[in-house]
Amino acid sequence: KWKVVVPLKADAVNSPAYDSEDESLSWFGEVPKHIVRIHTDDSGIVGIGETGRGCPAEQVDRAIAVLRGRAVEGIDLHALPLERNDAYGAFEMALFDIVGKQLGVTAARLLGVQVRDRVLVDFWTGRRTPEDLARKAKEGRALGFHGIKIKCTLEDPNVERLRAIADAVGPDFKVTVDPNCRFYELRHTLELAAALGDLRQLVAAFEDPLPKGDLECYAMLRQQLQVPLALHLYNGKDVFEAVKHEAVDMLNISPGSMVGFVKMCYIAEQAGVPVWHGSGVDLGIMDMSFVQACAAAPAATLPADIVGNFVREDDLIAAPIRMEAGYALVPDKPGLGVELDEEAVRRYAVAEG
């Protein structure tokens with residue numbers, strides 16, 4: 001295992017004016033992750049995985065202790081014998097990688113039926129001035145993306161931001177507006193949507209405009225809001241409750257588990273609610289696990305924000321995820337379909353064990 005810190009690229013997140021206001025975005029490139037590699041004794045096959053940001057080393061060590069010496073064929077990939085904590089997903093990735101290589105199939109195929117060979121992706125950025133956001137939208141358009149996800153607060157110049165995007169790249173470049181619950185109240189959200197006027201055609205969704213505990217309020221907002229409404233959720237119970245209350249038009253789902261994502265998508269699919277896979281601006285292994293999970297989930301039709309290789313200094317994989325015209329391609333190689341760049345891992349490692 002390695003504990004790594006891979007900084008963000010310069011100009012990757014906020015305009016400088018917002019860095020001091022939004023430290024949760026400006027410093028998250030400094031939060032460590034863990035890269036794990038599992039070796040098999042009999043076949044020599046190796047699997048790789050990646051934790052989320054800030055995963056405690058103790059969780060990684062406990063998972064290693066549980067799995068060391070076990071026969072791979074005796075492990076249920078859909079219910080690993082591990083604690084459901086921040087380390088779980090990394091070992092799930094690594095074991096899917098191993099078994100996929102053993103059987104000669106993609107991780108997506110092990111998750112169910114691979115329903116697509118490419119996954120729609122949007123560009124991503126933090127809080128920016130209108131002029132700066134127009135520049136980032138042009139950058140995203142030039143890279144082949146069809147839309148962008150932005151961070152904001154109620155107090156930001158949100159109308160001006162969307163107008164700047166429309167003027168820079170046209171009204172077909174969609175914008176997911178994510179205030180992280182900082183539109184505060186239903187009336188504020190409705191007032192902003194009304195103030196957008198014709199710019200509403202740019203909005204793919206308002207994601208998490210309000211605190212997420214009151215689904216009745218979300219259902220009421222959805223009936224009045226003039227743009228699509230989305231929630232970012234992390235477990236199946238919350239997905240079930242959101243669709244039962246008819247509180248959303250679409251969902252951002254990121255449970256920290258490929259299996260969990262596909263299961264949650266099944267719930268959304270039954271309710272006719274489309275899904276995208278969220279991210280934490282991650283590294284290449286985790287990003288590819290998202291791609292594989294989306295490839296196995298029929299409901300995952302909306303653009304994911306899987307852009308770690310555009311935002312981080314390095315993605316720690318030997319070859320970046322292939323992108324074509326705003327789509328991440330699912331590799332035809334078995335397992336996850338990516339390999340570790342050990343030189344890069346060691347360059348960014350702050351601890352190794």
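The largest pocket of this predicted model encloses about 940 Å³ of space. Its lining consists of 47 residues, and those nearest the centre are Y234, S254, G256, S279 and G280. Several elements each supply at least two lining residues to the largest pocket: α2 (23-26), α4 (88-103), β6 (147-151), α11 (258-270) and α12 (284-295). Among the contributors, α4 provides the largest share, namely five residues.

The second largest pocket has a volume of about 620 Å³. It is lined by 24 residues, with I38, H39, L67, R68 and G69 lying nearest its centre. Two or more residues of this lining come from each of β2 (33-39), α3 (57-67) and α4. The most is given by β2, with four residues.

The table sets out the lining of each pocket by residue class.

| Pocket | Nonpolar | Polar | Charged |
|---|---|---|---|
| Largest pocket | 15 residues | 19 residues | 13 residues |
| Second largest pocket | ten residues | five residues | nine residues |

The cysteines form a separate topic. A disulfide is a covalent bond that joins the sulfur atoms of two cysteines. The structure contains zero disulfides. Why does C152 not take part in such a bond? The closest cysteine sulfur to that of C152 belongs to C181 and is 11 Å away, so the distance is too far for a bond. C152 is buried, and its relative accessible area is 0%.

For C294, the closest cysteine sulfur is in C265, at 7.0 Å, which is likewise too far for a bond, because a disulfide requires the two sulfur atoms to be within 2.5 Å. C294 is also buried, with a relative accessible area of 2%.

Key:
Residues are numbered from 1 along each chain as its sequence is written. This is a predicted model: local features need pLDDT of at least 70, side-chain atom pairs count only at pLDDT 80 or more; totals for chains, interfaces and linings use all residues. Side-chain values use heavy atoms; hydrogens and water are left out. Buried means under 20% relative accessible area, exposed over 50%, partly exposed in between (1.4 Å probe, protein chains only). On a 1 Å grid over the protein atoms alone, a cavity is a set of points where a 1.4 Å probe fits but cannot get out, and a pocket is an open set with protein on both sides within 12 Å along at least five of seven lines; lining residues have an atom within 4 Å of a point. Grid points are joined across faces, edges and corners, and a volume is the space filled by probe spheres set on the points. Ala, Val, Leu, Ile, Met, Phe, Trp, Tyr, Cys and Pro count as nonpolar, Asp, Glu, Lys and Arg as charged, and the others, Gly among them, as polar.
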